[in-house]
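Student: Before we look at the model, may I ask how its structural terms are justified?
Tutor: Certainly; let us set each value against its definition.

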Amino acid sequence: MNEKNNTLIDTLVNEGASVVPSSAEDILFRLLYQLIIIFIVTRLFVWISRSFLGQTAVAGEILAGLVLGPSVAGAFFPELMGSIFPKESSTIFIGIAQIGLILLMFEIGLEFEFGEKLKKSRFSVAVISIAGIILPFTVGFFSAEWIWNSIAASRPDKTAFQLFFALALSITAIPVLGRIFMELGLAHTRTAALIIGAAAIDDIIGWILLGAILTLFVSNYQFDQFMFNMFGIVIYIILIFLIVRPLLRRWLSSRLKKEKRLSHPVMAYMIIVLFLSASVTSYLGIFALIGSFVIGIILHDNREFVVRWKESIGSLVHVFFLPIFFTYTGLRTDIGSLNGSDEWMICLLVCLVAFATKFGGTYIASRLLGENRRIAATIGVSMNTRALMELIVLNIGYDLGILPPNIFTMLVIMAILSTFITTPLIRWFMGETKSIRN
């Protein structure tokens with residue numbers, strides 16, 4: 001009997017199981033200590049990021065995800081990290097991360113106050129935004145062919161790779177920019193309004209391009225199938241704006257007026273709507289995230305709902321789901337997979353092309369519009385910020401097999417660097433003269 005008990009204890013210890021020998025409890029136990037580690041490391045790096053690096057919380061969250069992956073912790077403690085985050089648990093992380101992204105994209109859609117952002121300096125906003133898209137996308141598309149030829153392993157579809165690479169260089173992360181300007185006390189300056197407006201248009205164009213690229217790829221470049229998918233998407237968006245939008249806005253307004261709060265039934269119904277919309281866009285071949293983003297856009301002008309949603313759900317998304325997404329990305333990013341000086345040189349060139357085209361296009365456009373050098377440089381640096389939005393796009397490309405692991409890692413490095421250099425450079429260009437309200 002004692003021998004049998006000892007065997008059971010050894011099994012529980014070796015397998016990391018809990019005292020209840022059930023499969024569900026084993027899965028829960030493993031997930032719980034994974035989440036505990038993720039949240040502790042995330043809060044640690046958020047504190048380090050804010051206290052010592054002068055960065056925003058998002059920068060710390062991204063860094064924490066990278067540290068937990070094979071690039072840092074996995075490189076020094078491969079067996080330990082392999083036992084903590086085994087490959088078989090990736091399915092759970094994929095599910096949690098994707099649900100989090102659906103909720104996050106809904107919130108990002110809610111934040112797009114187009115009328116307010118474009119009310120002033122509409123021409124300048126449009127010109128800066130277009131310059132910030134066209135130059136990096138064009139240069140990225142043609143330079144991607146050289147990078148595609150350098151891929152040693154099995155190469156992805158060339159056209160899809162070029163389009164995705166070009167899109168990755170064109171993204172601007174408007175949610176992070178908003179947080180940076182708020183934390184620096186510059187959110188109400190004319191420069192911040194100009195940048196946020198241009199970044200908003202950039203993101204909209206970016207998501208439209210992403211939808212078109214995904215539809216093209218899913219249809220296997222068959223024109224008739226592509227047109228069928230695009231027709232379905234256009235019809236769906238028209239239905240959302242013409243039918244769903246007025247009905248949903250009227251229903252939400254009446255419930256908020258009656259209940260004076262965002263009740264549990266309203267939250268439940270809204271989540272059902274989000275998941276239904278995400279399911280439709282996923283079925284149409286443009287990923288579930290677009291569906292929730294569209295619902296956010298049609299409700300962004302109901303500011304009472306936006307505030308109450310952020311109070312009820314927004315905090316959970318940022319505190320719970322986002323760290324999991326960054327860890328999920330970090331676990332797929334292996335800096336050690338960049339073999340030799342050749343791949344590191346390619347990585348350096350990717351960063352230089354991404355920074356030069358995005359900064360150059362928006363800086364030149366700003367100068368031509370009459371902005372002084374300091375403000376033009378601030379606009380160029382800010383529009384170069386990619387952060388979360390970039391990581392979402394990169395993960396989609398990785399999941400579809402369009403971005404090989406080494407190229408994925410290069411682009412993640414580019415996204416992280418572009419995010420980390422933004423805050424100190426904005427502080428340098430604008431922080432010294434907070435009295436300036438340009």
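Tutor: A salt bridge requires a side-chain nitrogen of Lys or Arg within 4 Å of a carboxyl oxygen of Asp or Glu. Please bear in mind that this is a predicted model.

Student: Why is the pair glutamate 304 and arginine 308 called a salt bridge?
Tutor: Their side chains meet at 3.3 Å, N to O; the cut-off is 4 Å, so the pair qualifies. The two residues stand four apart in helix 15, and are therefore separated by about one helical turn.

Student: What makes glutamate 371 buried or exposed?
Tutor: Its relative accessible area is 9%. Buried means under 20%, so glutamate 371 counts as buried. Its salt-bridge partner is arginine 190, with the closest N and O atoms 2.7 Å apart. Glutamate 371 lies in the loop between helix 16 and helix 17, and arginine 190 in helix 11, so the pair ties together parts 181 residues apart in sequence.

Student: Why does arginine 190 count as partly exposed?
Tutor: The relative accessibility of arginine 190 is 35%. Partly exposed covers values between the 20% and 50% limits, so the term applies.

Student: How do you know that helix 11 is roughly parallel to helix 18?
Tutor: The axes of helix 11 (residues 190–218) and helix 18 (residues 387–399) cross at roughly 0° and come within 12 Å. Angles under 35 degrees count as roughly parallel, so the description holds. Among the residues that meet there are Trp207 and Leu210 in helix 11, and Met389 and Ile392 in helix 18. By class, this contact has seven nonpolar, no polar and one charged residues.

Terms used
Residues are numbered from 1 along each chain as its sequence is written. This is a predicted model: local features need pLDDT of at least 70, side-chain atom pairs count only at pLDDT 80 or more; totals for chains, interfaces and linings use all residues. Side-chain values use heavy atoms; hydrogens and water are left out. Axes are lines fitted to C-alpha atoms, for helices over the stretch in contact, and angles run from 0 to 180 degrees between N-to-C directions. Angles under 35 degrees count as roughly parallel, over 145 as roughly antiparallel, 65 to 115 as roughly perpendicular and the rest as oblique. Contact means heavy atoms within 4.5 Å. Ala, Val, Leu, Ile, Met, Phe, Trp, Tyr, Cys and Pro count as nonpolar, Asp, Glu, Lys and Arg as charged, and the others, Gly among them, as polar. Buried means under 20% relative accessible area, exposed over 50%, partly exposed in between (1.4 Å probe, protein chains only).
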